[in-house]
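User: I've got a model open and I'd like to learn how to read it feature by feature. Could you walk me through it?

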Amino acid sequence: MPSMNMVQALNSAMDVMLTRDPNVLIFGEDVGFYGGVFRVTEGLQKKHGMQRVFDTPIAEGGMLAVAVGMGAYGLRPVVEVQFADYIYPATDQLISEAARLRYRSAGEFWAPITVRAPCGGGIFGGQTHSQSPEAIFTHVCGLKTVIPSNPYDAKGLLISAIEDDDPVVFFEPKRLYNGPFDGHPDRPARSWAQHRQSEVPEGYYAIPLGQAAIVRPGAAVTILAYGTMVHVALAGAEEAGVDAEVIDLRTLLPLDIDTITASVAKTGRCVIAHEATRTSGFGAELAALVQERCFYHLEAPIVRVTGWDTPYPHVFEWEYFPGPKRVADGIRQAMAE
Amino acid sequence: MVAKRKAKPVKPAEPDVTPETLKQFFHDMLLIRRFEERAGQLYGMGLIGGFCHLYIGQEAVVVGMQAALTEGDTIVTSYRDHGHMLACGMDPKGVMAELAGRRDGYSHGKGGSMHMFSREKNFFGGHGIVGAQVPIGTGLGFAHHYRDDGFISVTYLGDGAINQGQVYESFNMASLWKLPVVYVIENNRYGMGTSVDRASARTDLYHRGTAYGIPGEQVDGMDVVAVHHAGIAAAEHVRSGEGPIILEMLTYRYRGHSMSDPAKYRTRDEVNRVRSEHDPIDHLRQRLIDGGVATEAALREVEKKVRDIVAEAAQFAQDCPEPDADELWTDVLAEA
Ligand SMILES: Cc1ncc(C[n+]2csc(CCOP(=O)(O)OP(=O)(O)O)c2C)c(N)n1
Ligand SMILES: [Mg+2]
């Protein structure tokens with residue numbers, strides 16, 4: 001089986017879907033001729049033609065709304081927003097149009113669109129290239145939100161997202177494109193090649209939306225994470241020296257609440273880790289759900305390890321980024337009582 | 001292919017440009033060029049990190065425009081903003097320190113290359129979101145109009161930004177309310193890796209305000225004097241209450257879009273041709289010498305002066321401490 005990094009795996013997912021379904025289209029800023037700023041769409045225009053893989057003007061609101069119209073007529077647009085930080089001009093289209101079309105037409109029309117956007121920090125992007133805006137979208141009913149953490153999942157989940165009949169916001173942790181990152185910027189960069197999840201079949205396979213993965217089984221505490229924070233959580237668990245169970249949510253909505261509940265019922269403790277700012281972050285929703293379903297199993301308050309409630313700064317990247325030390329501290333806190 | 005572009009002369013009579021002004025242009029453009037080259041080097045050395053967009057090649061645009069303005073006029077631009085800040089008279093030391101994420105940078109290290117501001121110099125930022133500065137500049141124009149203070153807003157944007165919807169919302173409001181705004185489109189032929197003809201239905205951009213009744217002119221943005229003349233005429237137009245105007249500056253960016261740019265979207269030959277045939281600084285140097293305005297020796301003096309300013313800025317940035325970690329938490333809201 002070929003070894004792929006996340007860029008190649010995502011590229012392969014789109015290649016497979018372009019080949020299987022003539023309704024699939026890929027577009028966005030710099031995705032066609034240039035191949036994408038992160039090279040995720042490299043070669044796709046050459047292979048599948050300008051009619052199906054093409055550049056758009058810099059107009060996020062317009063290009064996502066155009067996708068809704070295409071989708072309503074039966075096409076399956078896959079739109080790249082160059083950075084998640086640039087999705088805001090399109091939020092109206094996503095929230096008011098894409099997410100609501102099915103409901104307000106009583107199932108007559110829907111928007112089977114996929115919005116891909118690189119998210120997260122760790123690349124010195126400062127405030128306009130580092131954000132994790134997933135909670136804005138999980139707050140909107142009618143949208144699905146996916147965040148993979150490795151090449152194998154990335155491909156299988158992207159294929160599911162494209163095949164899904166509902167609008168899916170697909171965030172790609174850009175710090176993971178070329179290798180796993182455990183939150184230690186001072187250590188040498190690793191490539192995906194040594195990682196188990198870099199073995200990616202060339203052809204079609206789908207990972208259903210709404211299934212979490214237990215990436216490290218354990219009995220003492222449950223850590224809920226997604227995207228880059230899965231790797232950071234593994235490092236944090238190691239550093240805390242605690243028998244932690246790490247769950248990669250993979251899909252935030254639909255959420256695999258059963259896997260979460262089973263784990264917390266077993267461990268009695270829960271740490272939630274995400275890069276996004278804390279207040280009204282997705283961790284708040286997770287904490288509420290765990291509390292509702294596992295209240296009598298909990299032996300300690302749920303702990304959140306998150307980005308600070310500030311814009312993402314230019315200079316303080318590693319003060320801001322919730323690295324393994326903060327996760328380990330969170331684990332210790334959850335274990336203290 | 002990018003369509004052949006030809007600048008049309010601006011209509012009003014060309015005011016004279018004094019020898020002193022020409023020499024100042026030379027100094028100001030060279031300062032931007034050398035500053036940017038140094039920033040590029042510091043980036044290569046790891047002293048500057050993150051996103052960093054150099055202005056090399058486009059110096060004539062901002063220098064010619066800024067010299068056409070009055071103190072008190074307001075400026076707003078995109079993330080490719082170092083040249084604009086220097087042309088506004090902001091301190092190169094503070095700009096370089098911000099690039100390096102240092103305490104005495106204009107945004108105390110929190111903003112970085114794309115996000116710097118100066119109330120003193122009426123510079124309303126560097127904005128990382130493509131197109132976002134256009135309505136902001138329109139709002140500045142509204143404020144001038146409302147206060148009737150006689151000042152104008154100069155709003156810079158790129159050929160890529162021109163396709164954002166909010167630009168047209170702004171054009172309509174600016175024209176409807178007769179706001180004193182000069183929209184300066186810096187058409188450097190590319191938005192990141194996408195050439196104008198791949199992104200725009202028509203490659204001439206100066207008429208993008210036509211539907212709103214906004215006049216537009218195309219200007220040779222590699223010729224600082226042409227820019228300056230167009231700038232004076234445009235400023236006069238909007239200052240006199242005629243409403244907004246658009247100037248499309250035909251220019252070129254020599255370096256990559258940002259510091260990591262695989263440069264697969266244009267040929268080396270294309271870049272070299274513009275550099276050798278249309279460089280705005282070489283062009284002015286020749287003009288100064290041929291016109292007997294300055295001697296080679298005098299220009300070498302300017303070179304030296306500029307080198308010293310840039311060296312001082314670089315040293316300042318390197319010596320400046322990082323901000324205190326508590327700074328991370330300040331300025332989120334008016335009160336912490
Ligand atoms: C809303 C938004 N979309 C996309 C981007 C990514 N991006 C940054 S610069 C750029 C190209 C802009 O080109 P142009 O307006 O011509 O300015 P130039 O870089 O040539 O100065 C793009 C697509 C962004 N910063 N903001
Ligand atoms: Mg451009």
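Analyst: Happy to. Let's begin with the ligand: by class, the residues in the shell around ligand 1 are eight nonpolar, eight polar and five charged. Keep in mind that this is a predicted model.

User: Where does ligand 1 lie with respect to the chains?

Analyst: Ligand 1 sits between chains A and B.

User: And which residues come nearest to ligand 1?

Analyst: There are 21 residues around ligand 1, and the nearest of them are Y86(A), V130(B), G158(B), G160(B) and G191(B).

User: What about the contact between the two chains themselves?

Analyst: As a general idea, the size of an interface is often given as the accessible area lost when the parts come together. Here we can go by residues in contact: 26 from chain A and 34 from chain B. On the chain A side, helix 3 (60-72) and helix 11 (317-320) each supply at least two of the residues that touch chain B. By class, that side of chain A has 13 nonpolar, nine polar and four charged residues.

User: Let's look at chain B as a whole. How many helices and strands does chain B have?

Analyst: Chain B has 11 helices and seven strands. Its radius of gyration is 19 Å, close to the 20 Å that the globule rule gives for 336 residues, so chain B is as compact as a globular protein of that length. The C-alpha atoms of chain B fill a box of roughly 55 × 50 × 40 Å along the principal axes. Of the 336 residues in chain B, 54% are buried.

User: How much of the contact in chain B joins residues at least 24 apart?

Analyst: Take the contacts in chain B between residues at least 6 apart in sequence: 77% of them join residues at least 24 apart.

User: Now sheets. How do I read one?

Analyst: Strands of a sheet pair through backbone hydrogen bonds, either parallel or antiparallel. In chain A there's an open sheet of seven strands in the order 2-1-3-4-6-5-10, with mixed pairing. Strand 2 (53-55) and strand 10 (251-253) of chain A stand at the edges with a single partner strand each, so one side of each has no neighbour in the sheet. From one strand to the next, the twist averages 20°.

User: Which strand of chain A is joined to strand 10 of chain A, and in what sense?

Analyst: Strand 5 (residues 144-146) of chain A is joined to strand 10 of chain A by two bridges, and the two run antiparallel. If you want a spot to click on, T145(A) stands opposite L253(A) in strand 10 of chain A.

User: What packs on that sheet?

Analyst: Helix 3 of chain A does, touching strand 1 (24-28), strand 3 (76-80) and strand 4 (114-119) of chain A. The direction of helix 3 makes about 165° with that of strand 3 of chain A. Helix 7 (residues 151-163) of chain A packs on the sheet too, touching strands 1, 3, 4, 5 and 6 (168-173) of chain A, and its direction makes about 160° with that of strand 6 of chain A.

User: How do I read the two faces of a strand?

Analyst: In a regular strand the side chains alternate between the two faces of the sheet. For strand 1 of chain A, V24(A), I26(A) and G28(A) on one side and L25(A) and F27(A) on the other are all buried. Strand 1 of chain A runs parallel to strand 3 of chain A, joined by five bridges, and V24(A) stands opposite R76(A). Strand 1 of chain A also pairs in the parallel sense with strand 2 of chain A over three bridges; there, the bridge partner of I26(A) is V53(A).

User: Which residues line the two sides of strand 7 of chain B?

Analyst: On one side you have I245(B), L247(B) and M249(B), on the other I246(B), E248(B) and L250(B), and all are buried. Strand 7 (residues 245-250) of chain B pairs in the parallel sense with strand 3 (residues 181-187) of chain B over six bridges, including the one between N187(B) and L250(B). Strand 6 (residues 216-220) of chain B pairs with strand 7 of chain B in the parallel sense over five bridges, and E217(B) has L247(B) as its bridge partner.

User: One last residue: is K47(A) buried or exposed?

Analyst: K47(A) is exposed, because just 11 other C-beta atoms lie within 10 Å, and 12 or fewer counts as exposed. K47(A) is found in helix 2 (residues 44-48) of chain A. K47(A) and L18(A) are 29 residues apart in sequence, with their C-alpha atoms 9.7 Å apart in space.

Notes:
Residues numbered from 1 in each chain as written. Chains lettered and ligands numbered in written order. Predicted model: local features only at pLDDT ≥ 70, side-chain atom pairs only at ≥ 80, totals over all residues. Helix = DSSP H or I, 4+ residues; strand = E, 2+ residues; numbered from the N terminus. Rg over C-alpha atoms; globule rule 2.2 N^0.38 Å. Buried ≥ 20, exposed ≤ 12 C-beta atoms within 10 Å, placed from the backbone. Contact = placed C-beta atoms within 7 Å. Nonpolar A, V, L, I, M, F, W, Y, C, P; charged D, E, K, R; others polar. Pairing = 2+ DSSP bridges. Axes fitted to C-alpha atoms, helices over the stretch in contact; angles between N-to-C directions. Near = placed C-beta within 6 Å.
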